[in-house]
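Trainee: Please take me through one part of this model closely, and tell me how it sits within the whole. I'd like to know how far to trust the prediction before I look at side chains.

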Amino acid sequence: MTIFPPPDPDPTALRQALARHRAERGWSYDELAARSGLSRCTLIEVEQGRTIGSLGTWHALAHAFGIPLGELLDPLCTGHERPGFER
């Protein structure tokens, strides 16, 4: 059996999804900051790709958007099969 390392995640797709979720709701950075408890600066840095954010950051964002954390993080697998799929 050959074991392959996991494919690289796609942080660009993740930050684009964050921007899309925010835009779909018509929320400014200030609105999302108020709903998530995160700073406006953190949100800008994550969405613009200057930082990836912590698990706690993404957990707070999922709660603010009212979606499961897995759904919010799903774009990390853009361009490759998601874990758990048979080949």
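**The loop between H3 and H4, and its surroundings**

Mentor: Let's begin with confidence: within the protein chain it is lowest in H5, with a mean of 93, and highest in H2, at 98. This is a predicted model, and over the protein chain pLDDT averages 91, with 95% of the residues scoring at least 70. Keep one caution in mind: where pLDDT is low, the predicted coordinates should not be read in detail.

Now for the setting. The protein chain has 5 helices and 0 strands, so if you follow the sequence you read α-α-α-α-α. The C-alpha trace spans about 50 × 25 × 20 Å along its principal axes. Of the 87 residues, 31% count as buried. Looking at contacts between residues at least 6 apart in sequence, 52% join residues at least 24 apart. The exposed area is about 5800 Å², and carbon and sulfur atoms supply 54% of it. As for charge, there are 9 positive and 11 negative side chains, and the centres of the two sets lie 5 Å apart.

With that in place, let's zoom in on the loop, starting at Gln48. This residue lies between helix H3 (40-47) and helix H4 (55-65). Is Gln48 buried, exposed or partly exposed? Its relative accessible area is 43%, so Gln48 counts as partly exposed, because that class runs between 20% and 50%. Gln48 also has partners from elsewhere in the sequence: leaving out residues up to four places away, Gln48 touches Arg15 and Tyr29. Gln16 is 32 residues from Gln48 in sequence, yet the two C-alpha atoms are 8.7 Å apart in space. There is a local partner too, since the side chain of Gln48 makes a polar contact of 2.8 Å with the side chain of Arg50.

Further along the loop between H3 and H4 comes Ile52. With 45% relative accessibility, Ile52 is likewise partly exposed. Setting aside neighbours within four places in sequence, Ile52 contacts Pro11, Leu14, Val46 and Trp58. For a contrast in distance, take Gly37: 15 residues separate Ile52 and Gly37 in sequence, and their C-alpha atoms are 17 Å apart.

One of the contacts of Ile52, Trp58, leads us straight into the next helix. Which residues of H4 are buried? They are Thr57, Trp58, Ala60, Leu61, Ala62, Ala64 and Phe65. The cover over these residues includes H1, helix H2 (29-36), H3 and helix H5 (69-73). After H4 comes Gly66, with a positive phi near 70°.

To see this packing from the other side, look at His21 in helix H1 (residues 11-25). A relative accessible area of 7% makes His21 buried, because buried means under 20%. Apart from neighbours within four places in sequence, His21 is in contact with Phe65, Ile67 and Leu72. Phe65 is one of the buried residues of H4, and H1 is among the elements covering them.

So, as you turn the model, try this path: start at Gln48 and its side-chain contact with Arg50, go on to Ile52 and its contact with Trp58, and finish at His21, in contact with Phe65.

Conventions. Residues are numbered from 1 along each chain as its sequence is written. This is a predicted model: local features need pLDDT of at least 70, side-chain atom pairs count only at pLDDT 80 or more; totals for chains, interfaces and linings use all residues. Side-chain values use heavy atoms; hydrogens and water are left out. Helices (H or I, at least four residues) and strands (E, at least two) are DSSP runs, numbered from the N terminus. Buried means under 20% relative accessible area, exposed over 50%, partly exposed in between (1.4 Å probe, protein chains only). Contact means heavy atoms within 4.5 Å. A polar contact is a pair of N or O atoms within 3.5 Å; within protein, one must be able to donate a hydrogen and the other to accept it, and residues adjacent in sequence count only if both atoms are side-chain atoms. Accessible areas come from the Shrake-Rupley method with a 1.4 Å probe; for residues, only the protein chains shown count as cover. Lys and Arg count as positive and Asp and Glu as negative; His and the chain ends are not counted. The place of a charge is taken as NZ of Lys, CZ of Arg, CG of Asp or CD of Glu. pLDDT is the predictor's confidence in each residue, from 0 to 100.
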